[in-house]
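Student: Hi! I have a new model open on my screen and would like to go through it with you. Can we start with the strands and then move on to the helices?

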Amino acid sequence: MIIDVKVPMLSESVSEGTLLEWKKKVGEAVARDEILIDIETDKVVLEVPSPQAGVLVEIIAQNGETVAAEQVLARIDTAATASAEAPAAAPAPEAAPAAAQTNAAMPAAAKLAAETGVDVNALQGSGRDGRVLKEDVQNAAAKPAAAPAAAPAPVPAGARPEQRVPMSRLRARVAERLLASQQENAILTTFNEVNMKPIMDLRAKYKEKFEKEHGVKLGFMSFFVKAAVAALKKYPVVNASVDGSDIVYHGYFDIGIAIGSPRGLVVPILRDADQMSIADIEQAIVDYAKKAKDGKIALEDLTGGTFSITNGGTFGSMMSTPIINPPQSAILGMHATKERAVVENGQVVVRPMMYLALSYDHRIIDGREAVLTLVAIKDALEDPARLLLDL
């Protein structure tokens, strides 16, 4: 029987994707649930499994093509047998690493590498199973070239070289959403600073016991998530969103955590964060970070969210104005912790201080609620007992 291999259903916010590389050739046998091809969308990379065991008899959509949900990609004959016992590919001798590296490059990456002169064999692929992605080539092309063994060709005096590379789907989508956010929301940002010493002391005191008990390291993000949830409970409009002429108040707290990945920034969601323990939050963040690194973030991981937190401090940012992630109405920005002179009880003392930024949609959130929300977050972090006592 002939059956179709189709593009899986995509989320409402994803209308199409790009085929990466077929893992099977026509005439080869496939097992049920064996991955046939990956599809890159503007959010995640989706795996397309074989619906049944059989033989791949036709490939309809080729590598690099743009496809939509439910589109037929290939056909499988469940009653056929593989032709000529499709080469079981005898293991390549170890002396041919270059060929193996070349085979590990995605078609789009190989094409861009040929255009830009980047040697894919010298790249460490960030894709699944170490495959070289287009973004790897783009990053390599953007970096100053390391001095080769042979003398480089002389650059003509006065030369002004340029390089043009296409945006990845994820980068294009991020650009589109950020521009839309600034055009559609009345974004303002309020700032404050927080003394991180109480949290740092608490973490230093319990981090070893915490890791031994829960099997995960005690970081800082979990405290910020807990502090944000406590503040959102006091000022629910900051956890709300705009839908046409309506304000939607959410009776739950799904917190988006911005995480960097080889493909760009992703914001997976901690669902019902108010019901999660510190250990649950830390473990979820570790799991999401690993999935993002391995390119295994799923669409459902990125869907929804009522409030977001981004940490530019990991890169050394002192202060920034984060952009709201629609349809949310606010986002908290964390920054680098630096020792600064502050006044306490009339005395100048040195404390580890962090600037906080809360960007909010002024269409539904007034300055009063925004400022008080940030103050509530600050107070909870400077006196962690408030989180335990629900104060």
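Tutor: Happy to! Let's start with one pair of residues: K6 stands opposite V72 in β8. Keep in mind as we go that this is a predicted model.

Student: Sure. Which strand pairs with β8 there, and over how many bridges?

Tutor: That would be β1, which pairs with strand β8 (residues 72–77) in the antiparallel sense over five bridges. Another facing pair to look at is I3, which stands opposite I76 in β8.

Student: What else is joined to β8?

Tutor: Strand β6 (residues 54–59) is joined to β8 by four bridges, and the two run antiparallel. There you can find V55 opposite D77 in β8.

Student: So which sheet do these strands belong to, and in what order?

Tutor: They sit in an open sheet of four strands, in the order β1-β8-β6-β3, with antiparallel pairing. The edges are taken by β1 (2–6) and β3 (29–30); each has a single partner strand, so one side of each has no neighbour in the sheet.

Student: Nice. Now β4: is that strand mostly covered or mostly open?

Tutor: Mostly covered. Strand β4 covers residues 35–40, and five of its six residues are buried.

Student: And which strands does β4 pair with?

Tutor: Let's take two of them in turn. Strand β2 (residues 16–19) pairs with β4 in the antiparallel sense over two bridges. Here L19 stands opposite I39 in β4, and T18 has E40 of β4 as its bridge partner. Then there is strand β5 (residues 45–49), joined to β4 by five bridges and also running antiparallel to it. On that side, I35 stands opposite P49 in β5.

Student: How are those strands ordered in their sheet?

Tutor: The order is β5-β4-β2-β7, again four strands in an open sheet with antiparallel pairing. The edge strands are β5 and β7 (66–68); each of them has a single partner strand, so one side of each is left without a neighbour in the sheet. On average, neighbouring strands of this sheet are turned by 40 degrees against each other, direction ignored.

Student: Let's switch to helices. How do α6 and α7 cross?

Tutor: Helix α6 (residues 221–234) and helix α7 (residues 278–293) have axes that come within 9 Å and cross at roughly 120 degrees. That angle is why α6 counts as oblique to α7. The crossing of these two helices is right-handed.

Student: Which residues meet there?

Tutor: From α6 you have M221, S222, F223, V225 and K226, and they meet I278, I281, E282 and I285 in α7. By type, the residues of this contact divide into six nonpolar, one polar and two charged.

Student: And what about α6 with α9?

Tutor: Helix α9 spans residues 367–382 and packs with α6 at an angle of about 135 degrees, with the axes 8 Å apart. α6 and α9 are therefore oblique to each other. α6 passes α9 in a right-handed crossing.

Student: Which side chains should I highlight for that one?

Tutor: Residues F223, F224, A227, A228 and A231 in α6 meet T373, A376, I377, A380 and L381 in α9. The residues of the contact of α6 with α9 divide into nine nonpolar, one polar and no charged. If you keep F223 highlighted, you will find it in the α7 contact and in the α9 contact.

Student: Changing topic: I clicked on P166. Where is that?

Tutor: P166 is in the loop between α3 (134–142) and α4 (169–184).

Student: How is P166 classed for exposure, and why?

Tutor: P166 counts as partly exposed, because its relative accessibility is 43%, and that class lies between the 20% and 50% limits.

Student: How far is P166 from L112?

Tutor: In sequence they are 54 residues apart, while in space the C-alpha to C-alpha distance is 9.1 Å.

Student: Last one: what are the overall numbers for the chain?

Tutor: The protein chain has ten helices and 19 strands. Of its 391 residues, 42% count as buried. As for contacts with a separation of 6 or more, 64% of them are between residues 24 or more positions apart.

Student: Great, thanks for the tour!

Conventions: Residues numbered from 1 in each chain as written. Predicted model: local features only at pLDDT ≥ 70, side-chain atom pairs only at ≥ 80, totals over all residues. Heavy atoms only, no water. Buried < 20%, exposed > 50% of the residue type's maximum accessible area, 1.4 Å probe, protein only. Pairing = 2+ DSSP bridges. Axes fitted to C-alpha atoms, helices over the stretch in contact; angles between N-to-C directions. Parallel < 35°, antiparallel > 145°, perpendicular 65-115°, else oblique. Left-handed = near helix turned anticlockwise from the far one by under 90°. Contact = heavy atoms within 4.5 Å. Nonpolar A, V, L, I, M, F, W, Y, C, P; charged D, E, K, R; others polar.
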